[in-house]
Amino acid sequence: MRRTLSVVALAAAMLLITASSALANVGPYSGQGYDASSYQCTNGVPNGVDPNFTSFGITRVTGGRPFSLDSCRQALWTQAVNNTNAPSLYVNVAYSGAYGHHVAGYCSTALSPERYGGRYLQAWRIGCAESDFAYGNILTSTKAPTAWWLDVETGNSWSSSDRGLNEAAIDGAADQLKFRSGGGAVGVYSYASAWNTITSGPSFRPASASGAWVAGESSCLGSFSSRLPEWLYQHLATSAGADADYAC
C-alpha cells in the first residue's frame, strides 16, 4: 500500500513538473507567420501576405542597425495589424562606444535594474537609447504589439574584447522596451553561433526578455540561450517573399 502511494505520488510530481515545463515554454504565438522589412516592399507598398502565414507578422522598425529606420515600417505594421492575429515588432541592437552620443533624455540618467556601473552602465544606456529611438518611431495606437523583439546578430557592431559590454547593451534595450510597452512581452532573435560570439554564451539571459526566436532552424530544436524558452523559429520563406516563422 505504501509503495502504491509512493508510485502515485511520484507520478503526480512528474506530471506537475512536466506541466510546469510546458507552461514555461508557452509563448504568445501559435501557427505560422512571417517577418518583413523594406525588402518586402515596392515603392513603399508591402508586397502582400501569404494566406498560409497569417497567425502572426513581425515588422522591422529599424533599418538594419540601431538609430536608423526601416522606410516601410509603418505600412508593414499596418499590414500586419490588418492581416494577422498577432502583429509584432523587431529592432536591431548593437554595442559601440560611438553610439554614446545618441543617449539622451531618460536613458542618459537612468540606473539599470541589473546595477551596472561605470562603462557597463554607459553600455546599458546605449541599449536603452536604441530601444527608445525605435519605440518613438513607430505608431502603434491602433493595436499594441503582441511582442517586441531584439535582433542580435554579428552583422552589427559589438565589443570583441569585453562581452560584458555587449550584454549590458542588450539588457538596456530589453529593459527599455519592457518599460515603454508597459510590461509587454520582449524576446530575442538570434542563433547559437552569434549568441556565443556576442555574449558569454547560453547561460546569459537579458533580465527583461522572456522568449527566443531562433534563426536557421527547421523545428523547435531549442534556444540559443538555456534560460530563454524557444517561442519561434525562422525557416525558409513564404510565397510572398517574407521570412517564414513557426510557433513552438
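How many cavities of 30 Å³ or more does the structure hold? In this predicted model, the structure holds one such cavity. The space within the largest cavity amounts to about 40 Å³.

The lining of this largest cavity draws on several parts of the sequence. Tyr 34 and Ala 36 belong to the lining, as do Gln 40, Pro 46, Asn 47 and Gly 48. Leu 76 and Gln 79 also line the cavity, together with Ala 240, Gly 241 and Ala 242. Two elements, strand S1 (32-36) and helix H2 (73-83), each contribute at least two residues to the lining. By class, the lining residues comprise six nonpolar and five polar, with no charged residue.

A second region of interest is centred on strand S7, which spans residues 185-190. Five of the six residues of S7 are buried, leaving the strand mostly covered. S7 has pairing partners in S6 and S8, described here in turn.

Strand S6 (residues 147-151) runs parallel to S7, and five bridges join the two. Within this pairing, Asp 151 is placed opposite Tyr 189 of S7. The connection involves helix H5 (residues 163-180), which forms a right-handed β-α-β unit with S6 and S7.

Strand S8 (residues 211-215) is likewise paired with S7 in the parallel sense, here over four bridges. Val 188 stands opposite Ala 212, a residue of S8. Helix H6 (residues 192-198) takes part in a right-handed β-α-β unit with S7 and S8. Strand S7 thus belongs to the unit containing H5 and to the unit containing H6.

How values were computed. Residues are numbered from 1 along each chain as its sequence is written. This is a predicted model: local features need pLDDT of at least 70, side-chain atom pairs count only at pLDDT 80 or more; totals for chains, interfaces and linings use all residues. Side-chain values use heavy atoms; hydrogens and water are left out. On a 1 Å grid over the protein atoms alone, a cavity is a set of points where a 1.4 Å probe fits but cannot get out, and a pocket is an open set with protein on both sides within 12 Å along at least five of seven lines; lining residues have an atom within 4 Å of a point. Grid points are joined across faces, edges and corners, and a volume is the space filled by probe spheres set on the points. Ala, Val, Leu, Ile, Met, Phe, Trp, Tyr, Cys and Pro count as nonpolar, Asp, Glu, Lys and Arg as charged, and the others, Gly among them, as polar. Buried means under 20% relative accessible area, exposed over 50%, partly exposed in between (1.4 Å probe, protein chains only). Two strands pair if DSSP finds at least two bridges between them. A crossover is right-handed if, with the strands pointing away from the viewer, the path from the first strand over the helix to the second runs clockwise.
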